[in-house]
Amino acid sequence: MQVTVSAYCGNEDPMNPLISPLFADYRDMPPIQIQVASEETIYDDSSRLYEKLKVENPGKVEFIEWKGLFHVFQAFCLGWGSTAQDLLMCFLHKEDDDETQSTTPTKSKNTPKRKPSKRKPPLKVPNKLII
């Protein structure tokens with residue numbers, strides 16, 4: 001293992017956040033969704049990152065574990081990959097809608113009405129979901 005760490009890090013400190021994002025400061029981050037396949041190499045890192053993020057950003061992090069799938073399965077637009085993309089889009093649209101509502105000033109006579117969204121309503125996804 002040390003050979004691999006040395007090859008990856010070179011002369012850098014392995015705790016440098018640019019080497020390992022687990023050591024970064026994540027306070028005051030925007031909402032984050034982590035999707036990870038149970039069979040990928042970085043599963044443990046993803047899980048540890050989720051634990052750190054939820055402490056530093058309560059209520060702003062979703063973790064979705066996909067059982068039996070592989071790294072970057074989301075890139076494949078069939079089956080589970082398509083479902084994963086849909087979940088991500090719902091998450092992004094929900095966050096976009098939440099931000100728009102919280103930053104919209106009080107309407108006056110001259111404020112144009114916002115057109116209703118044609119997007120699907122966001123799915124209700126718990127903070128930790130195993131599929």
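Contact here means heavy atoms within 4.5 Å. Keep that in mind for the first number. Take contacts in this protein between residues at least 6 apart in sequence: 63% of them join residues at least 24 apart.

Now, the model itself. It is predicted. The protein has 131 residues, and 29% of them are buried. The secondary structure comes to three helices and three strands. Read along the sequence and you get α-β-α-β-α-β. The surface first: the protein exposes about 9,700 Å², and carbon and sulfur atoms supply 59% of that.

Let's go inside. Which residues make up the largest nonpolar core? There are 12 of them. Here is the list: Leu-22, Ala-24, Tyr-26, Ile-32, Ile-34, Val-36, Tyr-43, Leu-49, Tyr-50, Leu-53, Val-61 and Phe-63. Three elements give two or more residues each: β1, at 32–37, α2, at 43–56, and β2, at 61–66. Which element gives the most? That is α2, with four residues. There is also a second, separate core. This one has seven residues, including Ile-64, Phe-73, Ala-84 and Leu-87.

Since α2 gives the most to the largest core, let's look at that helix. Start with a length check. The helix has 14 residues. At 1.5 Å a residue, α2 should span 20 Å. The expected span uses one less than the number of residues. The end C-alpha atoms of α2 are 20 Å apart, so the two values agree.

Next, which residues of α2 are buried? They are Tyr-43, Ser-46, Ser-47, Leu-49, Tyr-50 and Leu-53. They cover an arc of only 160° around the axis, so they sit on the same side of α2. Here is the general rule behind that kind of pattern. An α-helix has 3.6 residues a turn, so residues three or four places apart point the same way. And the other face? Turned away from the buried side, α2 carries the exposed residues Asp-44 and Val-55.

Now one member of the largest core: Tyr-26. Where is Tyr-26 found? In the loop between α1 and β1. Buried or exposed? Tyr-26 has a relative accessible area of 13%; the cut-off for buried is under 20%, so Tyr-26 counts as buried. What does Tyr-26 touch, leaving aside neighbours within four places in sequence? Pro-21, Leu-49, Lys-52, Leu-53, Glu-56 and Asn-57. Two of these deserve a closer look. The backbone oxygen of Pro-21 lies 2.7 Å from a polar atom of the Tyr-26 side chain. Asn-57 is 31 residues along the chain from Tyr-26, yet their C-alpha atoms are separated by 7.6 Å.

That same loop, between α1 and β1, holds Asp-28. Asp-28 is exposed, because its relative accessible area is 73%, and the cut-off for exposed is over 50%. Look at its backbone too. Phi of Asp-28 is near 60°, a positive value in a residue other than glycine.

On to Gln-35, in strand β1. Gln-35 is buried, with a relative accessible area of 17%. Its side chain makes two polar contacts I want to show you. One is with the side chain of Gln-33, at 2.9 Å. Another is with the side chain of Gln-74, at 3.3 Å. What else is in contact with Gln-35, leaving aside neighbours within four places in sequence? The list is Ile-64, Trp-66, Phe-73, Gln-74, Ala-84, Leu-87 and Leu-88. You have met some of those names. Ile-64, Phe-73, Ala-84 and Leu-87 are among the residues of the second core.

Last stop: the loop between β2 and α3. Val-72 is placed there. Helix α3 covers 80–103. Val-72 has a positive phi of about 55°, although it is not a glycine. Val-72 is partly exposed, with a relative accessible area of 45%.

Lys-67 lies in that loop as well. Its side chain is joined to the side chain of Glu-65 by a polar contact of 3.2 Å. Lys-67 also has a distant partner in sequence. Ile-130 is 63 residues away along the chain, and the two C-alpha atoms are separated by 7.0 Å.

Conventions: Residues numbered from 1 in each chain as written. Predicted model: local features only at pLDDT ≥ 70, side-chain atom pairs only at ≥ 80, totals over all residues. Heavy atoms only, no water. Core = buried A, V, L, I, M, F, W, Y, C linked by side-chain atoms within 4.5 Å. Buried < 20%, exposed > 50% of the residue type's maximum accessible area, 1.4 Å probe, protein only. Polar contact = N/O pair within 3.5 Å; in protein donor to acceptor, adjacent residues only side chain to side chain. Arc of directions from axis to C-beta. Areas by Shrake-Rupley, 256 points an atom, 1.4 Å probe, with all protein chains shown as cover.
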